[in-house]
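Let's take a friendly walk through a protein structure, one part at a time. Keep the picture in view as you read.

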Amino acid sequence: MSLCLQARQLACERDGRWLFEGLDLDIRSGEIVRIEGPNGSGKTTLLKLLAGQLGDYHGELYWNGERLAKVREHFLANLLYLGHSPGVKAGLTPLENLAWYQALNGDKGDEEQRLRALLHVGLGGFEDVLAGQLSAGQQRRVALARLTLTRRALWVLDEPFTAIDRQGVDALEKQLAAHAQTGGSVLLTTHHALAVSPAVRSVQLG
Ligand SMILES: Nc1ncnc2c1ncn2[C@@H]1O[C@H](COP(=O)(O)OP(=O)(O)OP(=O)(O)O)[C@@H](O)[C@H]1O
């Protein structure tokens, strides 16, 4: 199924300053869209807004041509959002973290699936270590394992490459490209130079 998220005349103010105004944006199946801009230009705010997490903005969001507020449930069922911080629970192991995310999404899943997702992000052998004892890059990898675990069409990713080593960057780039090539969409921020096919479309803030 082809999916489309659209923003029309989007504007957002913080502390008496417009972060962006009159912003139009379309993201469709098969596309990778990158939000660019200097620190503080509003990239994280825009991603949160497009992921349906903020209500204090002007303009309108549409999901498959309908006002997002009207079809929020369908939108959320198709969305995977990974925030700026990995959001990993320090007192749980990577395996337990993934089970926790699945339960939150109403997915039962199974342990074999979770182990496969951890292997995919290079965390084989670390599945039972408390996440709080893992390095920053390993914690990020626990969060990234959700891309393999949870089938969602629209990925909204805030700085997903942070703390990831060269090999991890290559693997994640391939995963983003594969997702788009199989009809998914990716909306992301990154300060990292992306070299993926299909071509990345950029939206500049600030
Ligand atoms: N809830 C809030 N209340 C007040 N100001 C906020 C709020 N959220 C963000 N801001 C401000 O809005 C501006 C944009 O923040 P945002 O995190 O979106 O920027 P960014 O482009 O993602 O930055 P970076 O590249 O540093 O991650 C910043 O000046 C920030 O202080």
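## A loop residue to start with

T182 sits in the loop that joins α6 to β8 (185-189). This is a predicted model, so every value here is computed from it. Is T182 buried or exposed? It is exposed, because just 10 other C-beta atoms lie within 10 Å, and a residue counts as exposed if there are 12 or fewer. T182 also shows how a chain can bring distant parts of its sequence together: T182 and S29 are 153 residues apart along the chain, but 8.6 Å separate their C-alpha atoms.

## Two domains

The domain assignment of the protein chain gives domain 1 as 1-78 + 154-206 and domain 2 as 91-151. Look for domain 1 in two stretches of the sequence, then. Taken over C-alpha atoms, the centres of domain 1 and domain 2 are separated by 23 Å.

How many residues are in contact between the two domains? On the side of domain 1 there are 9, and they touch 7 residues of domain 2. Helix α6 (residues 166-181) supplies the largest share of the domain 1 side, with 3 residues. Sorted by class, that side of domain 1 has 5 nonpolar, 3 polar and 1 charged residues.

## The open sheet

Now find the sheet of 4 strands, which is open and runs in the order β2-β1-β4-β5, with antiparallel pairing. Why is one side of β2 and of β5 (66-67) left without a neighbour in the sheet? Both strands stand at the edges, and each has a single partner strand, so nothing in the sheet lies along the other side.

Strand β1 (residues 4-14) pairs with strand β2 (residues 17-28) in the antiparallel sense, over 8 bridges. One pair to look for is C12, which stands opposite F20 in β2. The hairpin of β1 and β2 has 2 residues between the strands, and in this hairpin D15 takes a positive phi near 50°. Strand β1 also pairs with strand β4 (residues 58-63), again in the antiparallel sense, over 5 bridges. Here A11 has H58 in β4 as its bridge partner.

## Around the ligand

Which residues surround the ligand? They are R14, D15, L19, G37, N39, G40, S41, G42, K43, T44 and T45. You have met D15 already, as the hairpin residue with the positive phi.

Helix α1 (residues 43-50) gives the most to this shell, namely 3 residues. By class, the shell holds 1 nonpolar, 7 polar and 3 charged residues.

## Helices that pack together

Helix α3 (residues 94-104) has the buried residues P94, L95, N97, L98 and Y101. If you look down the axis of α3, these residues fall within an arc of 160°, so they line one face of the helix. A general rule helps here: an α-helix has 3.6 residues a turn, so residues three or four places apart point the same way. On the face of α3 turned away from the buried side you will find the exposed residues A103 and L104.

What do the buried residues of α3 pack against? Their partners are α4 (111-120) and α5 (136-149). Helix α4 has buried residues of its own: R114, A117 and L118. Down the axis of α4, they fall within an arc of 100°, so they too line one face of their helix. The buried residues of α4 pack against α3 and α5.

## Positive phi angles

Two glycines follow these helices: G106, just after α3, has a positive phi of about 75°, and G122, just after α4, also has a positive phi of about 75°. Most residues other than glycine have a negative phi, which makes the next two residues worth finding.

N64 has a positive phi of about 55° although it is not a glycine. Its place is the loop between β4 and β5, and N64 counts as partly exposed because it has 15 C-beta neighbours inside 10 Å. A163 is not a glycine either, yet A163 has a positive phi of about 70°. You will find A163 in the loop between β7 (154-158) and α6. With 14 C-beta neighbours inside 10 Å, A163 counts as partly exposed.

Definitions and conventions:
Residues numbered from 1 in each chain as written. Predicted model: local features only at pLDDT ≥ 70, side-chain atom pairs only at ≥ 80, totals over all residues. Near = placed C-beta within 6 Å. Nonpolar A, V, L, I, M, F, W, Y, C, P; charged D, E, K, R; others polar. Buried ≥ 20, exposed ≤ 12 C-beta atoms within 10 Å, placed from the backbone. Arc of directions from axis to C-beta. Domains from an automatic or database assignment. Pairing = 2+ DSSP bridges.
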